[in-house]
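Please open the model in your viewer and keep the selection tool at hand. The stops below are meant to be taken in order, each beginning with something to select.

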Amino acid sequence: MSEVKTADSPIAGRTVFGHPIGLTNLFGVELWERFSYYGMVSILGYYLYYSTTQGGLGLAQSTGVGIVGAYGGLVYLSTVLGGWIADRLLGMERTVFYGGVVVMAGHIALAVLPGLTGVGVGLVLVALGSGALKANASSLLGTLYPKGDARADGGFTLFYLGINLGAFSGPLLTGLLRDHLGFHYAFGAAAIGMALGLIQYVVFRRNLGTHGQEVPNPLPRSAIGPMIGLLAGAALLVALVFTTGLVTLDNLPDVTTGVIAVAAIIYFIVMLTSAKVTPIERSRVRAFIPLFIANAVFWSLFQQIFTVLTVYSDERIDWRIFGWTAPSNWVSSVEPVWIITLSPLFAIMWTKLGSRAPSTPRKFALGVIGMGLAFMLFVPLSFITGQHVPILLIVAVLAGFAVSELLLSPIGLAVTTQLAPEAFRAQMMALYFFSVGIGTSMSGTLARFYDQDHEIAYFGITGAVAVCAGLIVAAIAPRISRHMAGVH
């Protein structure tokens, strides 16, 4: 740890490994939030479609994995509410804290409330809390780096290491608890993990200084009443579409994808027409549009770890390790091992390359192409019949997932904070998560087309579509870079 005092330093204050010390606090709270989230979502599909004799709810398998995808999309849709609360009511720093409290309450509901009641209450609370925490933790980290700071990509890659430490450890613990004690004990462990994250956040809150405490665009008192009425009307509308059958558990992934897409279009229009956005900022928002689409394509494949690969792991992978059979949800922990291993190397590489590194659009193109190629690696595995696919082969395939993710996801978080208009910092991050949400809900829609008899077509076609999308981004990368107006 060092003290930076020179006037020419990009950031004055305490640092750790050359980065602002506030990174450590955000690293910790995101680690524990992801521990709780991935620990829960890695067993959620099984809980929904396992029979009641196995401790599950007995839904159809296609419905169960579709709900998981739709739920993931709704988590990212709720980031818009979290961004709005930060920008208009609380500021980013306090929104992160209260979001964590709501996440913990959701996991407690899953642990103690039975049946679909617990699922409904718990998932709504976790979605709202995660939306508030995720959008604002990433945006808050972005405020620690001035625009153009070459350390930002490296800092976000380290932040991403924290995400993946949580993503790795959460499913390991919940899988063991599910096998030996039952689903509800596993959900309870997720609640404890979020509680630990909140404790460390409060203890080390001072590391953030005054970052994120300002409310950029305060809501006038006169608007509070109408806003409460709007929220009440939205809640009533949601209740009506479910009770009338317009939205069902079966079509929930499709509806979620459509709602997020429409919301994203509205958000782009608002930012591009707002008087608070300068011409340079408007150009940067336009540059973000093709990156938004590429990101959605990437996540529609990647998030199938929690839909298609959940089923694949349970029915196709041989989990016997030295005579002991590991929990099938541990497939969710394999890819984070690669991220944990490779993140420091990527952080060092981006920091050393600085302005000589590939531009953000080129990194996005490589990430989408790599994801498509990794998905296509499942094609030769389709010739292995039954539940005999060696876990070591899956570990190798998921290495391709990890390299692609590191080329795109932490870079996407960093560039979003750099491209964001000042008046829409937190909400711009919510827009980034909209693209993740579209991809996540699409993973639920696509999962319904998977079956063992058509694996070659399923993995081959979806992988090829992603490769084509990446090649298009590569072709227009120079044009995207020109509109980014000085952001590399």
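**Salt bridges, a helix pair and the core**

Begin by selecting arginine 320, which counts as exposed because its relative accessibility is 56%, and keep in mind throughout that this is a predicted model. Add aspartate 318 to the selection, and you will find the two joined in a salt bridge whose closest N and O atoms are 2.9 Å apart. Aspartate 318 itself counts as buried, since its relative accessibility is 18% and the cut-off for that class is under 20%.

This pair belongs to a set of 7 salt bridges held by the structure. For another of them, select glutamate 33 and arginine 34, whose side chains meet with an N to O distance of 2.6 Å. Here glutamate 33 is buried, at 0% relative accessibility, and arginine 34 is buried too, at 1%.

Next, select aspartate 254 together with arginine 448, a salt bridge in which the closest N and O atoms lie 2.8 Å apart. Aspartate 254 sits in helix α9 (residues 252-273), while arginine 448 sits in the loop between α16 (425-447) and α17, so this pair ties together parts that are 194 residues apart in sequence. Aspartate 254 is partly exposed, with a relative accessible area of 36%, and arginine 448 is likewise partly exposed, at 30% relative accessibility.

From that loop, move on to helix α17 (residues 455-483) and show it with helix α13 (residues 360-376): the two pack at an angle of about 170°, and their axes are 7 Å apart. The helices are therefore roughly antiparallel to each other, the cut-off for that description being an angle over 145 degrees. If you colour the contact of α13 with α17 by residue class, it shows 19 nonpolar, 6 polar and 1 charged residues.

Which residues touch the most other members of the largest nonpolar core? Select Tyr312, Ile394, Phe401, Leu431 and Phe434, which hold that position among the 137 residues of this core. Helix α15 (residues 391-419) supplies the largest share of the core, namely 14 residues. As background, nonpolar side chains in soluble globular proteins tend to be buried together.

Finish by centring the view on tyrosine 312 and displaying its contacts, leaving aside residues up to four places away in sequence. What remains around tyrosine 312 is Ile317, Phe378, Leu381, Val389, Ile394, Tyr450, Glu455 and Phe459. One of these, Ile394, is also listed with Tyr312 among the core residues that touch the most other members.

Notes: Residues are numbered from 1 along each chain as its sequence is written. This is a predicted model: local features need pLDDT of at least 70, side-chain atom pairs count only at pLDDT 80 or more; totals for chains, interfaces and linings use all residues. Side-chain values use heavy atoms; hydrogens and water are left out. Axes are lines fitted to C-alpha atoms, for helices over the stretch in contact, and angles run from 0 to 180 degrees between N-to-C directions. Helices (H or I, at least four residues) and strands (E, at least two) are DSSP runs, numbered from the N terminus. Angles under 35 degrees count as roughly parallel, over 145 as roughly antiparallel, 65 to 115 as roughly perpendicular and the rest as oblique. Ala, Val, Leu, Ile, Met, Phe, Trp, Tyr, Cys and Pro count as nonpolar, Asp, Glu, Lys and Arg as charged, and the others, Gly among them, as polar. A nonpolar core is a set of buried Ala, Val, Leu, Ile, Met, Phe, Trp, Tyr and Cys residues joined through side-chain atoms within 4.5 Å. Buried means under 20% relative accessible area, exposed over 50%, partly exposed in between (1.4 Å probe, protein chains only). Contact means heavy atoms within 4.5 Å. A salt bridge is a side-chain nitrogen of Lys or Arg within 4 Å of a carboxyl oxygen of Asp or Glu.
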